Amino acid sequence: MKKYMCVVCGYVYDEEAGWPDDGIAPGTLWKDVLETWVCPECGAGKSDFEMLEI
């Protein structure tokens, strides 16, 4: 599982945790998150996220 960070505000989407508040179940891969989804912290689009290298 990977993590993706919003380059605008720093919010991190974790595939393992998902985002149940927006109906994204734990284990949902980034590629399966709808293109219309926006950052829950700042409203930036999915295109404003980058994969985190650990």
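Select Trp-19 in this predicted model and colour it by accessibility: at 22% relative accessibility, Trp-19 counts as partly exposed, because buried would require a value under 20%. Now add Tyr-11, which at 10% relative accessibility counts as buried. With both rings displayed, you will find that Tyr-11 and Trp-19 form an edge-to-face aromatic pair, with 5.3 Å from centre to centre and 85 degrees between the planes.

Next, select Tyr-13 and Trp-30, whose rings form a tilted aromatic pair, 5.3 Å centre to centre with 50 degrees between the planes. This pair links distant parts of the chain, since Tyr-13 belongs to strand β2 (residues 12-14) while Trp-30 sits in the loop between β2 and β3 (49-51), 17 residues apart. Both Tyr-13 and Trp-30 are buried.

Keep Trp-30 on screen and bring up Lys-46, which lies over the face of the Trp-30 ring at 5.1 Å from the ring centre. From Lys-46 you can move to Val-33, which touches Lys-46 as well as Tyr-13, Ile-24 and Thr-28, leaving aside residues up to four places away in sequence.

Widen the selection to the aromatic residues Tyr-4, Tyr-11, Tyr-13, Trp-19, Trp-30, Trp-37 and Phe-49, which form one aromatic cluster; the count of aromatic pairs comes to eight.

Finally, show the largest nonpolar core, whose 11 residues are Tyr-4, Cys-6, Tyr-11, Tyr-13, Ile-24, Trp-30, Val-33, Trp-37, Cys-39, Ala-44 and Phe-49. In soluble globular proteins, nonpolar side chains tend to be buried together.

Methods. Residues are numbered from 1 along each chain as its sequence is written. This is a predicted model: local features need pLDDT of at least 70, side-chain atom pairs count only at pLDDT 80 or more; totals for chains, interfaces and linings use all residues. Side-chain values use heavy atoms; hydrogens and water are left out. A nonpolar core is a set of buried Ala, Val, Leu, Ile, Met, Phe, Trp, Tyr and Cys residues joined through side-chain atoms within 4.5 Å. Buried means under 20% relative accessible area, exposed over 50%, partly exposed in between (1.4 Å probe, protein chains only). Contact means heavy atoms within 4.5 Å. Rings of Phe, Tyr and Trp (its six-membered ring) pair if their centres lie within 6.5 Å; planes under 30 degrees apart count as stacked, over 60 as edge-to-face and the rest as tilted. Helices (H or I, at least four residues) and strands (E, at least two) are DSSP runs, numbered from the N terminus. A charge sits over a ring if NZ of Lys or CZ of Arg is within 6 Å of the ring centre and within 35 degrees of the ring normal.
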